[in-house]
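Work through the exercises below with the sequence and the model side by side. Try each task before you read its solution.

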Amino acid sequence: MATTRAATKKSAGKKSSAKKIAAPAPGAKKTAVKQASVRKASANRATLKKASVKKSAGRSSSSGKPAALAEYRRKRDFSLTAEPEGKTLDVKHQNLAFVIQKHAASQLHFDLRLELDGVMKSWAVPKGPSMDPAVKRLAMEVEDHPMEYNRFEGTIPAGQYGGGTVMLWDRGNYTYWQRDDDPVARLREGYQKGDFKFVLNGERVKGSFVLVRTRRGESKPQWLLIKHRDEFVREGYDVVAEETTSVESGRTMDAITSGKPHVWKSNR
Ligand code: MN
């Protein structure tokens, strides 16, 4: 609960300072000067929301096909797979997105994707996430994926890269693990250092985690995904075994494979 509470406090604090600024000045010049300095100070204490909006605005000038996704595109034939090509950097929203896809490729695994700088940083986690801090899960970093991939559920044709069924297993947003003036910068540093700490706010996976890089491979650096101790810890609980349907469509892997319509829409 600590994280949620901190976030609530923060936004409450922001609201009240915004109110102060917006309050009608009683006419005196002195007050206007004071307000300007308050505004300056509060601009310096950029909130998470403001900081990420600014960053997004800065990046949204990029258009067309971002070079960041070159490897992703090289591996796929978009005339054969329904996966998105990733034409845009979809970063206009404030929250950083995360998604976990269950992927029955040649080997079943879970793909953890975390938004950073307009792409989804991606790890293949063979056994999926665990809510137990005693369990360290191998996570192999793979190529960045486009933001549009966060909505992909379906099948990749056999013979194509990653051929098999993809389920949207969890999704939500994520933040830096601590309160900070520039959380996106801290996340970027953590990723680059190989000590990537964050808090996931998904439907199934919640709370503080760390990805620790254990090996800098040429193509596939290896990391460990570890749950930090917080109120979301569930020792001995296997979230991957318990949750076997799509958060998007309610379908099982078999239903997605056989192309059955979304469970929630089956009565239409
Ligand atoms: Mn995969």
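**Exercise 1. Find the strands that line the second largest pocket, and describe the pocket.**

Solution. Keep in mind from the start that this is a predicted model. Begin with the strands: β2 (108–116) and β4 (136–145) each contribute at least two residues to the lining of the second largest pocket. Next, look at the lining as a whole, which consists of 22 residues, with His103, Ala105, His109, Ala124 and Tyr161 lying nearest the centre of the pocket. Sorted by class, the lining of this second largest pocket holds nine nonpolar, seven polar and six charged residues. Finally, the space in the second largest pocket comes to about 440 Å³.

**Exercise 2. Identify the protein donors of the manganese ion, and decide whether histidine 103 and histidine 109 are buried or exposed.**

Solution. First, list the donor atoms: the manganese ion is held by His103 (ND1), His109 (NE2), Asp111 (OD) and Asp111 (OD), at 2.1 to 2.8 Å from the ion. Then read the donors along the chain, where their spacing follows the pattern H-x5-H-x1-D. For the second part, a residue counts as buried when its relative accessible area is under 20%. Histidine 103 has a relative accessibility of 7%, and therefore counts as buried. Histidine 109 has a relative accessible area of 14%, so histidine 109 is buried as well.

**Exercise 3. Describe the nonpolar cores, and list the contacts of phenylalanine 198.**

Solution. Start from a general tendency: in soluble globular proteins, nonpolar side chains tend to be buried together. In this model the largest nonpolar core has 31 residues, and those touching the most other members are Leu114, Trp123, Tyr174, Phe196, Phe198 and Leu211. Now take phenylalanine 198 and set aside its neighbours within four places in sequence; the residues in contact with phenylalanine 198 then include Leu114, Tyr174, Trp177, Leu187, Phe209, Leu211 and Leu225. There is also a second, separate core of seven residues, among them Tyr72, Val119, Phe152 and Ile156.

**Exercise 4. Determine which residues of helix α5 are buried, and what follows the helix.**

Solution. Helix α5 covers residues 183–193, and its buried residues are Pro183, Val184, Ala185, Leu187, Gly190 and Tyr191. Moving on from α5, you reach glycine 194, whose phi is positive, near 80°. To place this helix in the wider picture, note that the protein chain has seven helices and nine strands, and that 44% of its 268 residues count as buried.

**Exercise 5. Trace how aspartate 132 and isoleucine 226 are placed relative to parts of the chain that are distant in sequence.**

Solution. Locate aspartate 132 in the loop between β3 (119–125) and β4. Its relative accessibility is 11%, so aspartate 132 counts as buried. Although aspartate 132 and valine 233 are 101 residues apart along the chain, their C-alpha atoms are separated by 5.8 Å. Not counting neighbours within four places in sequence, aspartate 132 is in contact with Lys227, Arg234, Glu235 and Gly236.

Turn next to isoleucine 226, which belongs to strand β9 (residues 222–227). With a relative accessible area of 14%, isoleucine 226 is buried. The C-alpha atoms of isoleucine 226 and aspartate 132 are separated by 8.1 Å, with their positions 94 residues apart along the chain counted as the distance apart. Beyond residues up to four places away in sequence, isoleucine 226 touches Pro133, Val135, Lys136, Phe209, Val210 and Val212.

Definitions and conventions. Residues are numbered from 1 along each chain as its sequence is written. This is a predicted model: local features need pLDDT of at least 70, side-chain atom pairs count only at pLDDT 80 or more; totals for chains, interfaces and linings use all residues. Side-chain values use heavy atoms; hydrogens and water are left out. A nonpolar core is a set of buried Ala, Val, Leu, Ile, Met, Phe, Trp, Tyr and Cys residues joined through side-chain atoms within 4.5 Å. Buried means under 20% relative accessible area, exposed over 50%, partly exposed in between (1.4 Å probe, protein chains only). Contact means heavy atoms within 4.5 Å. On a 1 Å grid over the protein atoms alone, a cavity is a set of points where a 1.4 Å probe fits but cannot get out, and a pocket is an open set with protein on both sides within 12 Å along at least five of seven lines; lining residues have an atom within 4 Å of a point. Grid points are joined across faces, edges and corners, and a volume is the space filled by probe spheres set on the points. Helices (H or I, at least four residues) and strands (E, at least two) are DSSP runs, numbered from the N terminus. Ala, Val, Leu, Ile, Met, Phe, Trp, Tyr, Cys and Pro count as nonpolar, Asp, Glu, Lys and Arg as charged, and the others, Gly among them, as polar. Donors are N, O and S atoms within 2.8 Å of the metal (3.2 Å for Na, K and Ca); water is not among the atoms, so sites may look incomplete.
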